[in-house]
Amino acid sequence: MIKLKIDNVPVEVEKGTTLLEAARQAQINIPTLCFEDDLSVYGGCRLCVVEVNEREQLMPSCAIEAEDGMEVKTHSPRVRDVRQTLFELIIASHDISCELNCLTCTRQASCELRNVAEDIGINRMRLSPIYRGLDKDLSSYSVVREPNKCITCDRCIRKCEEVQGIGIFANSARGPETTVTTFQDKGMGNVECTNCGQCIISCPTGALHEVYHMDGVWDALYNEDKHVIVQTAPAVRVAIAEPFGAEPGTVATGQMVAALRRLGFDGVFDTNFTADLTIMEEGTEVVERVKNNENLPVLTSCSPGWIKFIEHFYPEHLKNLSTAKSPQQMFGALAKTYYAETMGVDPEDLVVVSIMPCTAKKFESKRQEMAGDVDYVLTTREAAMMIKAAGINICDLEPEEYDNLMGVSTGAGDIFAASGGVMEAALRSAYYLITGEELEDIDIQPVRGLDGLKKAEVPINEELTLKVGVAHGLSNAKRMMEMIAGGEEFHFVEFMACPGGCIGGGGQPISAELSSAETLKRRMDGVYSIDSSKKLRRSHENPMVQKLYEEFLGKPGSHKAHKLLHTKYTPRGLS
Amino acid sequence: MVKERKFLKGPRLRDVSTYDFPGLKKAFSLGPDQIIQQISDARLLGRGGAGFPTGTKWDLALQQQGERKYMICNADEGEPGTFKDRYLLEERPLKVLEGLIIGAYAVGASHGFIYIRGEYTEPIKILRTILEEAREEGVLGEDIFGSGFDFDVKLVRGAGAYVCGDETSLINSIEGKRGISRIKPPYPIQKGLYDQPTVVNNVESLACAAEIINQGAGEFAALGTDNSRGTKLISVSGDINIPEVFEVEFGSCTLNEIIEELGGGVRRGKEPKFVIPGGLSTAALLPDELNCSYSYEGIESAGSSLGSGAIIVVGESRDLVDILLKVSRFYMDETCGTCFPCREGNKQINYMLSQHRNKKFTSQEVELIEDIGEAIAAAARCGLGQTSLSLINSIFAKFSEELIEEVIQVD
C-alpha cells in the first residue's frame with residue numbers, strides 16, 4: 001500500500017492508484033472535464049491539476065500515480081486560482097453566443113461545464129469568446145455535431161475508439177484550430193458510424209446530440225386528422241424518471257403511460273409486446289436453423305447499432321443474422337396493418353412514434369428495407385423534454401395501464417432492456433419450442449450482468465445442449481466476432497451495441513452525479529425487478545401475441561409473418 | 001578581449017572515408033559502463049534547452065529492459081533564434097553521428113533516428129550522403145569496427161511543427177502520429193518510441209559526448225564553471241553587427257561581452273532595448289542586466305535562462321507591441337492544441353494583443369495576461385506551453401511604463 005497525504009488527510013491506496021482516484025477515496029472531489037472512467041487518460045483540460053510536494057509545476061492528478069510520502073494539495077490558493085483561469089479559457093473557447101446559448105442546449109439541465117463551474121466556485125469571467133464559425137454536421141439520421149460547442153476534450157474520440165472499437169472521430173488541424181471531425185470531414189452520416197450515440201453520453205458540453213424528432217411529434221399530436229400512437233421500448237421505463245429527479249433504475253412504467261396519454265397520444269403501447277413477438281419469430285428461426293445446422297451461429301438482430309456495425313465490418317457474416325426485424329420495426333409494421341385494420345384507421349392517417357433509449361433507432365426507422373413503418377423516433381431524453389414541456393412531472397402521476405391490443409407483455413419482453421436479456425428470453429421459449437415443456441428455472445444467471453463477454457451452455461434434451469454467447473459494447477462485439485471467426489462454436493449469440501445493452505443506450509438520460517457503471521447497475525436491477533414481479537415471464541405465454549397469430553399472422557414463421565416481420569441487410573463494407 | 005574556445009568547432013568534417021572515428025573506437029574499448037561514467041564525470045548537461053544531465057539519462061536508459069532500445073538525435077532545431085545545430089550538421093556532422101553511435105552503444109540501442117527539421121534542406125542532403133557512406137564503410141550496420149555492436153540510423157524529416165522539438169512529440173511524429181506531446185510519466189527512457197526505452201539527445205549534446213570520449217572527460221570538465229561544464233555553441237542574432245555561431249567557454253565572459261566583442265556590438269546603436277538570452281522561451285534581460293556571467297547559473301541569477309543558447313539582440317528602435325504580437329503569434333501557431341491552457345491561452349493572448357495597436361494596456365488587461373501566463377506555466381502539458389509566456393510576461397514587467405496606462409489615484 002502507498003501512504004500519502006492529500007490536503008493533510010492521510011490516505012492509503014493501492015499501488016498504481018492515480019492522485020485523482022486517491023482523492024476520491026478520501027472524499028475529495030477534484031474537477032475534471034476530459035477525464036472519464038473507462039477511457040484512457042488524456043490529460044488535456046488540466047482542471048485536475050494539483051500541487052505535489054510544493055513543486056512549482058502543478059501536476060495533472062488524472063495522470064500521476066500516488067507515491068509514498070507525497071504531500072498533495074488539491075485546493076490550495078494557487079491551484080484554485082489557476083483552475084479559475086483555466087475555466088475562463090475553456091468557457092471562452094466554448095462559444096456562448098446568442099445562437100449557442102445555454103437555454104436551448106441539449107444539455108441545459110445536465111451540463112458538465114456548469115457542474116464544474118460550481119465545483120470550482122468560479123467568480124470571474126474576463127475573456128470574450130472567439131467565434132470559430134464551424135458548420136454543424138447534419139449528415140447523420142441519428143446524431144448532430146455542433147463543433148462550435150466542442151472544447152476538444154476528445155472524450156468522443158476515445159469513447160468511439162476504445163469502448164466501441166470503431167474510431168470514426170479524430171482530431172484535425174493544429175493549435176487553436178484543432179477540431180474533432182470524421183474521416184476527411186465526410187460527416188457522421190457518411191462514415192462507419194453505427195449511430196450508437198455513445199459519443200453523446202460522453203460529450204460534456206452538448207456538442208453532440210440526437211437528431212431531434214420532437215417537432216414532428218408535436219405537429220402530429222396537434223393535428224386532429226392524425227391518429228397518433230406511441231410505443232415505449234423496454235429500457236425507457238427504468239430511466240425516464242431520471243430527468244425528473246428520480247434515481248436511475250426507478251421503475252416508472254405506469255407514470256410514463258399516463259404522461260404520454262396526457263400528451264395526447266391516441267394509443268399508448270409497449271414495444272415489449274413486439275419483443276415477445278420477436279422471440280416467437282427469432283426463436284422459431286433459431287430452432288429451425290439449429291435443427292438444419294444452417295448458417296450457425298444465429299446472431300441477434302434487434303440492436304440497430306450492432307446491425308450497422310456488422311454491415312460495415314463483417315459483411316461476410318450477414319447470413320448469420322436472424323432475419324427477424326427489431327421489436328421497434330415489428331411494431332411499426334403491425335401498427336400500419338394489424339392495428340389499422342382492427343381499429344378501422346386509414347394507415348395514411350396513422351402516425352407511429354417510438355420512444356427508444358437509442359439514437360440508432362432513428363437511422364433504423366429510415367432504412368430503405370422498412371422505411372415508413374415508424375414515423376418518428378424519440379430518445380428517452382426527448383420524451384422527457386416533451387413531457388416537461390407539457391407541464392407534467394412524471395413522478396407525480398398515478399400509474400396507468402397500456403392500451404390492450406399491443407400493450408401486453410411478459411417478463412421476457414422486459415428483460416430485452418439489459419445485456420443478456422434477449423438471450424434469456426429466447427432460451428425461455430426455445431426450450432418450450434423444442435421440448436414442448438416449460439423450462440423450470442428461468443433465471444438464467446450466466447447471461448446476466450455487466451461482463452463484456454458472457455457464455456453459457458443450456459442443456460435442452462439428450463441430443464442438444466445450446467451453446468450461447470452474449471456481447472455488449474461494440475469492442476466486445478468485435479472480440480466475439482473474432483472468437484467466432486477463430487472457430488469457437490455457438491448456436492446463438494446476442495449482440496448489443498451499447499455497454500450494458502439498451503439500458504446504457506445513447507438516447508438515455510445522462511447522469512451527472514453517478515458513474516456510468518453505477519447508473520447501469522441500478523437500471524439493470526430495475527429491469528429484472530419488473531421481470532420477477534410478473535406472472536407471465538415467457539414470451540410464448542403472452543395472450544395478445546397468441547391472439548395476433550390466431551387472428552392475423554397464422555403461425556410463427558408463416559408467409560405473412562415473414563413479409564411483415566423479417567428483413568434483409570445491406571453489406572456496406574468500409575468507405 | 002573575449003575569445004572563442006573551440007572544443008566542438010573545427011574544420012569541416014564530412015568525409016566518412018577519411019575520418020577515423022577516434023571517439024567511437026575509444027568507446028568500444030571502454031565499454032558501456034565506462035562511457036557513461038565519463039559522460040557523468042564530464043557533467044555534460046543536455047544542450048537542447050532543458051539542461052538534463054546526459055550521463056544520468058544514459059545511465060537510466062542502460063538500466064531499462066526492453067525488446068529493443070532506440071537512440072534518437074533531436075535535430076529539429078526550431079527555437080526561434082537558434083541555429084547552432086545547423087552549424088554542426090553542416091560542418092561537423094560526423095561528430096554528431098559519432099556521438100549518436102557512442103550513445104547507442106552505451107545504452108544498448110540497436111536502432112537510431114535522426115529527426116531533422118524539415119526546412120534544413122542542406123543538412124538533410126549532407127546527412128543522407130553521410131549515412132549511406134557510413135553503411136558502406138562499416139561505421140553503421142552489423143559488427144561496427146569489429147566490436148560486435150550492430151546499429152543503424154534512419155533519417156526522419158519533420159513536417160514543420162515547432163512542438164516536435166519536444167521529445168515526446170518528436171516520438172509521436174516518428175511513429176506517424178500527430179505531433180503532440182505525451183503525458184509524462186512514463187518518460188521516453190521508460191516507454192518511448194513504439195513503447196520501448198528511448199533516449200533523445202540534442203545534436204550539440206551528442207557532439208559534446210563524442211568529444212568527451214575522444215578528448216577525455218577531464219578535458220571537458222576542466223572548462224567552464226562548477227555548474228556549467230565545457231563550452232556552449234551560441235547563436236547570436238538580431239540587431240547585431242556580426243550574427244554568427246560562436247563557441248564560448250562557460251563563465252569565461254559576460255552576455256555583454258559576447259554582444260560587444262564577439263558580436264561586434266549592437267547594430268545602429270549603442271545599447272540594445274533588451275536581449276533574449278536563450279531563445280524565444282526565455283525572459284528578456286535589460287542592458288543593465290547583461291553583466292552576468294555566461295553560464296546556466298549566471299543567467300539564472302539575472303532572472304532568465306540559458307535555454308538553447310540563442311541570444312537575440314533587440315535594438316532600441318523596435319516596437320514593443322509589434323514584438324509581443326509576433327512572439328504570441330508564434331506560440332499560437334505552434335501550440336499543438338492538446339492541452340487547454342496552452343491552446344486557449346495563447347489564442348486569447350494573441351487576440352488581446354492584437355486589439356491594442358498604438359494604445360496602452362490597462363492594468364486589468366495586464367493582470368489578465370499575467371494570470372493566463374501563470375496558468376499556462378503551471379498547468380500546461382509540455383515545455384512548449386510552460387515557457388510560452390516567459391518572454392511576453394518579462395517584457396510587460398520590464399517595460400511597464402511604456403506599455404501600461406498609468407493608474408491615476410483618486411482620493
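These are my notebook entries on two sheets and one chain interface in a predicted model.

**Entry 1: the sheet in chain A**

I began with chain A, where I found an open sheet of five strands in the order β2-β1-β5-β3-β4, and I noted that its pairing is mixed. I then asked myself which strands stand at the edges of this sheet. They are β2 (9-13) and β4 (59-60) of chain A, and because each has a single partner strand, one side of each is left without a neighbour in the sheet.

Next I looked up one pair within that order, and I saw that strand β1 (residues 2-6) and strand β5 (residues 71-73) of chain A run parallel, joined by two bridges. To find the place in the structure, I used A:Ile6, which stands opposite A:Val72 in β5(A).

I also looked for a helix packed on these strands, and I found that helix α2 (residues 77-93) of chain A lies across β3 (49-52) and β5 of chain A, its direction making an angle of about 155 degrees with β3(A).

**Entry 2: the sheet in chain B**

In chain B I traced an open sheet of four strands, in the order β6-β5-β8-β7 and again described as mixed in its pairing. Here β6 (244-249) and β7 (272-276) of chain B are the edge strands, and since each has a single partner strand, one side of each is left without a neighbour in the sheet. From one strand to the next the twist averages 25 degrees.

I followed strand β5 (residues 231-238) of chain B to β6(B), and I noted that the two run antiparallel and are joined by six bridges. A useful pair to look at is B:Thr231, which stands opposite B:Glu249 in β6(B).

**Entry 3: where chain B meets chain A**

How many residues of each chain are in contact with the other? I wrote down 34 residues of chain B and 35 residues of chain A. The area buried between the two chains is about 2,900 Å², and carbon and sulfur atoms give 59% of it. Of the area that chain B buries against chain A, B:Arg178, B:Phe340 and B:Gln348 supply 21%, which is more than any other three residues.

I then turned to the charged and polar pairs, and across this interface there are three salt bridges, as well as 17 residue pairs in polar contact. One salt bridge that I looked up joins B:Asp371 to A:Arg126, with the closest N and O atoms 3.0 Å apart.

On the side of chain B that touches chain A, the elements giving two or more residues are α12 (320-334), α13 (340-354) and α14 (363-379) of chain B. Sorted by class, that side has 17 nonpolar, six polar and 11 charged residues.

Terms used:
Residues are numbered from 1 along each chain as its sequence is written. Chains are lettered from A and ligands numbered from 1 in the order in which they are written. This is a predicted model: local features need pLDDT of at least 70, side-chain atom pairs count only at pLDDT 80 or more; totals for chains, interfaces and linings use all residues. Side-chain values use heavy atoms; hydrogens and water are left out. Two strands pair if DSSP finds at least two bridges between them. Axes are lines fitted to C-alpha atoms, for helices over the stretch in contact, and angles run from 0 to 180 degrees between N-to-C directions. Contact means heavy atoms within 4.5 Å. Buried area is the accessible area (1.4 Å probe) that two parts lose on being put together, summed over both. A salt bridge is a side-chain nitrogen of Lys or Arg within 4 Å of a carboxyl oxygen of Asp or Glu. A polar contact is a pair of N or O atoms within 3.5 Å; within protein, one must be able to donate a hydrogen and the other to accept it, and residues adjacent in sequence count only if both atoms are side-chain atoms. Ala, Val, Leu, Ile, Met, Phe, Trp, Tyr, Cys and Pro count as nonpolar, Asp, Glu, Lys and Arg as charged, and the others, Gly among them, as polar.
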